[in-house]
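Subject: Structure handover

Dear colleague,

I am passing on the structure we spoke about, and below it you will find what came out of it. Please keep it open beside this message as you read.

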Amino acid sequence: MTVDKYVNQESCRLSSDFNLLRQSQIFSGVHHDVVKLLAYLSSHRLFQPGAYLIEQRKKANQAFILIRGTVEITVHHRGKEIVLQQLQQGSVFGELALLAEFEWFFNARAVHEAEVIIIDQTAFHKVIEKFPEHKDKLTERIIQIRVNRLESQTEGRFSRAGKTDERQM
């Protein structure tokens, strides 16, 4: 591959990632210089069906934006893998890893081929250092995404549990 061809491919990737990040729940409406730097510092990866993007009990240090494909969020419990949620294109997951140190408390597995943008914690912190005036807004958005997901998961669990309870009556 020639240098020019590589530069063109990288330029196209950055432009594409910039646009995808700007459309994401976390970064929509954020100043374009912030998103531009994140696009530059992020990586792009393709996962085959069945591959784990996140594994429970491993160090959490990345957030993911699902560009294409389907990803299941699961937990291992009593020797079984339980599906909590299925994520589609545009979904953000692993976002808390940008804010805190912890081990993953869930898995994320590609159901179909899944293409993602990966933002690691170090890159996120570099962006916050360069643009500290955006820290509160980005932190609030990350927390809100997590709250919304918990509400959705809880609502889904209780609605299914309620149907089971109704049948038992």
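Before the strands are described, one term is needed: two strands are said to pair if DSSP finds at least two bridges between them. Please also bear in mind that this is a predicted model.

The first sheet

Four strands form an open sheet in which the order is S2-S9-S5-S6, and the pairing in it is antiparallel. Its edge strands are S2, covering 52–54, and S6, and each of these pairs on one side only. From one strand to the next, the twist averages 35 degrees.

At the S2 edge, two bridges join S2 to strand S9, which spans residues 107–110, and the two strands run antiparallel. Which residue in S9 is the bridge partner of Ile54? The partner is Ala108, and you may like to find this pair in the model.

At the S6 edge, strand S5 (residues 71–77) pairs with strand S6 (residues 80–87) over seven bridges, again in the antiparallel sense. Here Val71 has Leu87 of S6 as its bridge partner. S5 and S6 form a hairpin with two residues between the strands, and in this hairpin Arg78 takes a positive phi near 50 degrees.

The second sheet

Another open sheet, also of four strands, has the order S1-S10-S4-S7 with antiparallel pairing. The edges are formed by strand S1 (43–47) and strand S7 (92–93), each of which pairs on one side only. S7 is joined in the antiparallel sense to strand S4, residues 62–68, over two bridges, and within this pairing Ile65 stands opposite Val92 of S7.

The helix pair

Helix H2, made of residues 32–41, packs against helix H3, made of residues 121–130, at an angle of about 150 degrees, and their axes lie 10 Å apart. Why is H2 described as roughly antiparallel to H3? The reason is that angles over 145 degrees count as roughly antiparallel, so the angle between H2 and H3 puts them in that class. The crossing of the two helices is right-handed.

The cavity

Finally, the structure holds one cavity of 30 Å³ or more, and about 50 Å³ of space lies in the largest cavity. The residues that line the largest cavity are Gly94, Glu95, Leu96, Phe102, Trp104, Phe105, Phe106, Arg146 and Arg149. Sorted by class, this lining has five nonpolar residues, one polar residue and three charged residues.

With best wishes

Note on methods
Residues numbered from 1 in each chain as written. Predicted model: local features only at pLDDT ≥ 70, side-chain atom pairs only at ≥ 80, totals over all residues. Heavy atoms only, no water. 1 Å grid on protein atoms, 1.4 Å probe; cavity = no way out; pocket = protein on both sides within 12 Å on 5 of 7 lines; lining within 4 Å. Points joined across faces, edges and corners; volume = space filled by probe spheres on them. Nonpolar A, V, L, I, M, F, W, Y, C, P; charged D, E, K, R; others polar. Axes fitted to C-alpha atoms, helices over the stretch in contact; angles between N-to-C directions. Parallel < 35°, antiparallel > 145°, perpendicular 65-115°, else oblique. Left-handed = near helix turned anticlockwise from the far one by under 90°.
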